[in-house]
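User: I'd like to understand how the labels on this model are earned. Please take me through them, with the cut-off behind each one.

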Amino acid sequence: MAGNRTLTIVKPDAFGAGKAGSIVAHLEKAGFKVIAARVLKLSDAQAGAFYEVHRERPFFGSLTSFMTSGKCMPLVLERADAVAHLRKTIGATDPAEAEAGTVRKLFAESKERNAIHASDSDENAEREARFFFPEAELV
Ligand code: CMP
């Protein structure tokens with residue numbers, strides 16, 4: 001899936017507030033096609049494994065407890081230059097710093113409760129897509 005696919009998650013703050021439909025519509029308007037989607041409540045172990053790279057950060061416990069606080073919606077998205085384009089479309093991690101019109105500026109509450117995740121490289125997009133979806137759902 002290198003180059004044209006990425007993984008996003010509508011996080012529990014946005015999903016619980018009924019914003020998933022609006023966010024997916026926003027992503028589709030930005031040119032992304034939904035390849036795979038599911039709705040689930042992450043376990044502590046799943047959230048810890050997904051955010052393994054942040055395990056030593058001071059916000060790790062708070063991040064995993066937020067990410068397990070309710071259902072979330074992972075999606076695999078496709079378009080040209082997917083990783084970079086999705087990160088531009090969602091905006092800065094902190095909504096206070098996000099550009100006007102980005103998903104986080106429109107829908108996020110705070111740096112932690114920031115509505116949406118996006119893979120930061122093709123390699124992580126691949127790893128994160130496989131974390132949530134079996135190969136057969138990615139064709
Ligand atoms: P995400 O793109 O999912 O990647 C890691 C997440 O950690 C990030 O979005 C935020 O939700 C959270 N995060 C990053 N930095 C901080 C921080 N300084 N304080 C709290 N949460 C953070």
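Analyst: Happy to! A polar contact is a pair of N or O atoms within 3.5 Å; within protein, one must be able to donate a hydrogen and the other to accept it, and residues adjacent in sequence count only if both atoms are side-chain atoms. This is a predicted model, in which local features need pLDDT of at least 70 and side-chain atom pairs count only at pLDDT 80 or more, while totals for chains, interfaces and linings use all residues. Residues are numbered from 1 along each chain as its sequence is written, and side-chain values use heavy atoms, with hydrogens and water left out.

User: What makes the pairing of His-117 with the ligand a polar contact?

Analyst: A polar side-chain atom of His-117 is 2.9 Å from a ligand oxygen, so the pair falls within the limit. The protein buries 79% of the 450 Å² that the ligand exposes when taken alone (Shrake-Rupley areas, 1.4 Å probe). Arg-104 also qualifies, with a side-chain N or O atom 3.2 Å from an oxygen of the ligand. Glu-112 contributes a polar backbone atom, 3.0 Å from a ligand oxygen.

User: Which residues are around the ligand, and where does the ligand sit?

Analyst: The surrounding residues (a heavy atom within 4 Å) include Lys-11, Tyr-51, His-54, Phe-59, Leu-63 and Asn-114. The ligand sits in the largest pocket. For that label, more than half of its atoms must lie within 2 Å of the grid points. A pocket is an open set of points on a 1 Å grid over the protein atoms alone, with protein on both sides within 12 Å along at least five of seven lines.

User: Why is Leu-63 called buried?

Analyst: Buried means under 20% relative accessible area, exposed over 50%, and partly exposed in between (1.4 Å probe, protein chains only). Leu-63 has 6%, so it counts as buried. Leu-63 belongs to helix α4, residues 60-67, and touches Tyr-51, His-54 and Glu-112, leaving aside residues up to four places away in sequence. Touching here means heavy atoms within 4.5 Å.

User: How do you know whether Asp-94 is buried or exposed?

Analyst: Its relative accessibility is 18%, so Asp-94 counts as buried. Asp-94 is in the loop between α5 (82-90) and α6 (103-107), and its side chain reaches the backbone nitrogen of Ala-96 at 2.9 Å.

User: What is the phi of Asp-81, and what label does its accessibility earn?

Analyst: Phi is positive, about 55°, although Asp-81 is not a glycine. Asp-81 lies in the loop between β3 (73-78) and α5. With 53% relative accessible area, it is therefore exposed. Ala-115 likewise has a positive phi, near 75°, and is not glycine. At 0% relative accessibility, however, Ala-115 counts as buried, in the loop between α6 and β4 (116-118).

User: Why is Phe-15 labelled partly exposed?

Analyst: Phe-15 has a relative accessible area of 25%, so it is partly exposed. Phe-15 lies in helix α1, residues 12-16. Its contacts beyond four places in sequence include Val-10, Val-39, Lys-71 and Met-73. Phe-15 and Lys-71 are 56 residues apart in sequence, yet 6.8 Å apart in space between C-alpha atoms.

Key: Helices (H or I, at least four residues) and strands (E, at least two) are DSSP runs, numbered from the N terminus. On a 1 Å grid over the protein atoms alone, a cavity is a set of points where a 1.4 Å probe fits but cannot get out, and a pocket is an open set with protein on both sides within 12 Å along at least five of seven lines; lining residues have an atom within 4 Å of a point.
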